[in-house]
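Please take a walk through this protein model with the sequence and the structure side by side. The route goes from the whole chain down to single residues.

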Amino acid sequence: MPELEKVYNPVEIEKKWTAVWRERKVFTPDAAAVETPFTIVLPPPNITGSLTVGHALGTTVQDLLCRWKRMKGFNVLWLAGMDHAGIATQKVVERALLEQGIAKDALGREKFLEECWRWKEKYHDRIVEQLGAIGASLDWTRETFTLDPGVSRAVREVFVRLHRKGLIYRDRYIVNWCPSCGTAISDEEVDFVETHGKLYYIAYPFADGGGELVVGTTRPETMLGDVAVAMHPGDKRAAALKGKMLDLPLAGRTIPVIFDEAVDPAFGTGCLKVTPGHDATDFLIGLRHKLDPIVVIDREGKMNAEAGCFAGLDRREARKQVLAALEGQGLLRKIDDYEHSIGHHDRCGTAIEPYISRQWFLRMKTLAAPGIEAAKRGEVAFTPERWGNIYLSWMENIRDWCISRQLWWGHRIPVWYCGGCEETIVAVDEPASCPKCGGTKLAQDEDVLDTWFSSWLWTFSPMGWPEKTRDLETFHPTSVLVTGGDIIFFWVARMIMASLEFMGEIPFSTVYITGIVRDTKGRKMSKSLGNSPDPIDIVGRAGADAFRFTLMMLSPPGQDIMFDESKVDVGKHFANKIWNAARFVLGQEVDLGCAEAGAPDAFPAAARDAGSAALYESIFGSAAGPEIEFGWEDRWIVSRLARRAGELEQHIETYRFDEASRTLYDFLWHEYCDWYLELSKASAREGGARGRGAAVTARAVLGSSMILLHPTMPFITEEIWSMLAPRRGVLAGFHFPGIPGRCLDEALEADVAFFMEIVSAIRNLRQSFNIPPGRLVSAVINCEKERLRGVVDIEAEKKRLGRDLEKIARECEKVEGRLKDARFVEKAPRDVVEQERNRYNEMSDKKRRIARILEDLG
């Protein structure tokens, strides 16, 4: 029998098996296979750098599911791909060029795109390396990039079809504009941040000289674009002010007083300055009252010519100078502190500027209706369930999607304008001439589509749509989508709409939303904050299996994870425990006479009925030799394995990966290593039929455990499996036959549980009374307190335990007080609060144990 190395070296083992799996194409499914398909699409990582611990969490969940389903005999496709990440990539490439003294505009569009493609090639390889290091069992033969020719054609096809249906239109409208990125963005790309600001009260004199109206605003610099002052029709001042005109301070214009239901009478003075060019609400008011908007801030966030003497100033500097001018004219009435939300671009953090520009939009209500009904009928289920309500709420209040971006990197909008007759041509392929006038002077729209316009097709465009391919026939719809809650609107909801529109079916039946990975200060781990260690570095220090196991153990459904790299020690210790147990089992010098060793393949009839023997045959595909005898401990551990296997399946199928990990941990560490292997040593020493029975059981249970653990810890299990069953092929492609039903023995489990409780009680007594391990103690079950006379001084022990109890009670009271203090719980770092809770639970448990012992001692 081959031997495992003395010390577990995860780095070498992981490199070895990564290469073997890829070389043998273990993760490349056959679309023509008859097995039931199971499909997951990897949320395509952006090619803007490296992955975070959050990515590692989602990747591990997906890999666990895929390996589990392969083991259960499914035809598994885990589709690999990457996203071009329009805005993010363009920004980082622009910065990289500027560091070389090269401006994007000076370089030109074509040369700039060449630089973007070079960036993509460089960081693509880095991401592939990271995913491989984590153990992702992706099918790289089908890898797709969102700018690949096939996907690009699918994107153009979708645009054209939606335009023909009247759902895509172009209009001049107010949008969210990012002055830093120089592009419009969608509502979903705006993060609202609570900000400590000011509310400025400005006097607008009546044009007839008869007094003034005071208006409250948070943005005095935009008053230069005011076209009216609005009041609620129910305002008691309304009748007297109807038809009144106001002088607009600093602008030399007069503007009307108007009345509109959108005005909140409780805000400020009840008077609203109407600036349609720089506020979404004001824009709609302007449309209702036929007021032409005036834009005073340009695309770079600077004041334009309409701002008069303030032209050329940055919007922040303009605010200061406008306020100074108002104060100089005696029109600034007061300034109040004011807390309000300001929209920021989720990519770069720049404050958004509401801006009127001509953009392409997609009408969403028509597309949303089938997606709403599908969720209500239960065709798409969300885990945790609360995300289903969030999805429905957004879908039922959906707004049109601004799909155009003022960028160069991305899918160029498939629209051409004729220079001869001004015809707009929407086509999948570039037209040679104008279909209206026959002219050839055609110019393509300069804008590109929102990155998500290609991503929302991700369950079917990589499989060859719009062609009818074998992959689409076999693997669509996909099975599960694993993603974060932060992109449920960007991606999940839109994929449901796209698949129902273009495939006529849901894209997946289950959406599993992972928690957010946070640092010990409670901040989301991200590349921008720089608070996420590189997963490759963690893997290099602890091993992929330890990292994966820890992530799964820390991830109850829908709850955020407080991650610190020190927590990976749990996984490291577990891996070492498994390794040492495998070395012990494989190192036993017992002649099993099994087929793996080239010996007979038959069990005697009596032995064949035993659970251990049946398990051995089902796992290794051969029987151990004759003259085998199994003891109660063998039957017990096989029964426990069968029960734990059932629990594990239930946990995985219900996405309780934390419970699945604990089930494996408890079984392998405690039941198999701490109890069974220790109990079986007596049989091993006895040798003969009993020794062989113990060896068969130890190997059968270890082999089964490696299969069950493989989806979570693929590398160490593959290495141990290769030693246990070298003729059975790689574990990553093994179809697990399951645990034979005859293995369960509920009565025996109950008996052994009682036995274990007795042993544990005796061990606890030894520890409580500081009895040396080598000293023999007579133990009588259910006896009176006299049992320890002559071994310890009962009265002295009672006094010592009493002192311990008082001390622990005082400590418990202190910690309990801290935990009841709302200020401590809210303001202290989360890891500190968690430590205090754990400490309180440990002390409470110890207090109860000591109290019980004192009660026993009388």
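What follows starts with the chain as a whole, then turns to two sheets, a helix and a few chosen residues.

This is a predicted model. The protein chain has 858 residues, and 54% of them are buried. Its secondary structure amounts to 27 helices and 24 strands. The C-alpha trace spans about 110 × 75 × 55 Å along its principal axes. The accessible surface of the chain is about 38400 Å². Carbon and sulfur atoms supply 49% of that surface.

How do the contacts divide by sequence distance? Take the contacts in the protein chain with a separation of 6 or more: 76% of them join residues 24 or more positions apart. Charge comes next. The chain carries 111 positive and 124 negative side chains. The centres of these two sets lie 2 Å apart.

Now go to the first sheet on the route. Strands of a sheet pair through backbone hydrogen bonds, in either a parallel or an antiparallel sense. Here three strands form an open sheet in the order β1-β2-β3, and the pairing is parallel. The edge strands are β1 (37–41) and β3 (139–145), each of which pairs on one side only. From one strand to the next, the twist averages 25 degrees.

Look at the pairing of β2 with β3. Strand β2 covers residues 75–82, and three bridges join it to β3. The two strands run parallel. Leu79 stands opposite Asp139 in β3. Further along, Gly81 has Thr144 of β3 as its bridge partner.

Is β3 enclosed or open to the outside? Five of its seven residues are buried, so β3 is largely enclosed by the rest of the structure. This strand is also an edge strand, pairing on one side only. Part of the setting is a helix. Helix α5, residues 109–134, lies across β2 and β3. Its direction makes an angle of about 145 degrees with β3.

Stay on helix α5 for two residues. Cys116 lies in this helix. Why does Cys116 count as buried? Its relative accessibility is 0%, so Cys116 falls in the buried class, for which the cut-off is under 20% relative accessible area. Leaving aside neighbours within four places in sequence, Cys116 is in contact with Val93 and Trp409. The link to Trp409 crosses a long stretch of sequence: 293 residues separate the pair along the chain. Their C-alpha atoms are 7.3 Å apart.

Tyr123 lies in helix α5 too. Residues up to four places away in sequence are again set aside. Tyr123 then touches Ile47 and Gly49. The C-alpha atoms of Tyr123 and Asn46 are separated by 9.3 Å, with the two positions 77 residues apart along the chain.

The second sheet has another pattern of pairing. Three strands form an open sheet in the order β18-β17-β19, with antiparallel pairing. At the edges stand β18 (424–426) and β19 (442–444). Each has a single partner strand, so one side of each is left without a neighbour in the sheet. The twist averages 30 degrees from one strand to the next. Strand β17, residues 415–418, pairs with β19 over three bridges in the antiparallel sense. Tyr417 stands opposite Ala443 in β19.

Two further residues complete the tour. Glu221 sits in the loop between β7 (212–217) and β8 (228–231). Is Glu221 buried or exposed? Its relative accessibility is 2%, so Glu221 counts as buried. Not counting residues up to four places away in sequence, Glu221 touches Val296, Met303, Arg315, Ala318, Arg319 and Val322. Two arginines, Arg315 and Arg319, are therefore among the residues that this glutamate touches. Last comes Ile652, in helix α20 (residues 632–653). Ile652 is buried, with a relative accessible area of 4%. Which residues is Ile652 in contact with? Beyond its neighbours within four places in sequence, they are Leu64, Leu65, Trp68, Phe657 and Ala660. Gly485 gives a further reference point: Ile652 and Gly485 are 167 residues apart in sequence, and 20 Å apart in space from C-alpha to C-alpha.

Note on methods: Residues numbered from 1 in each chain as written. Predicted model: local features only at pLDDT ≥ 70, side-chain atom pairs only at ≥ 80, totals over all residues. Heavy atoms only, no water. Pairing = 2+ DSSP bridges. Helix = DSSP H or I, 4+ residues; strand = E, 2+ residues; numbered from the N terminus. Axes fitted to C-alpha atoms, helices over the stretch in contact; angles between N-to-C directions. Contact = heavy atoms within 4.5 Å. Buried < 20%, exposed > 50% of the residue type's maximum accessible area, 1.4 Å probe, protein only. Areas by Shrake-Rupley, 256 points an atom, 1.4 Å probe, with all protein chains shown as cover. Lys, Arg positive; Asp, Glu negative; His and termini not counted. Charge placed at Lys NZ, Arg CZ, Asp CG, Glu CD.
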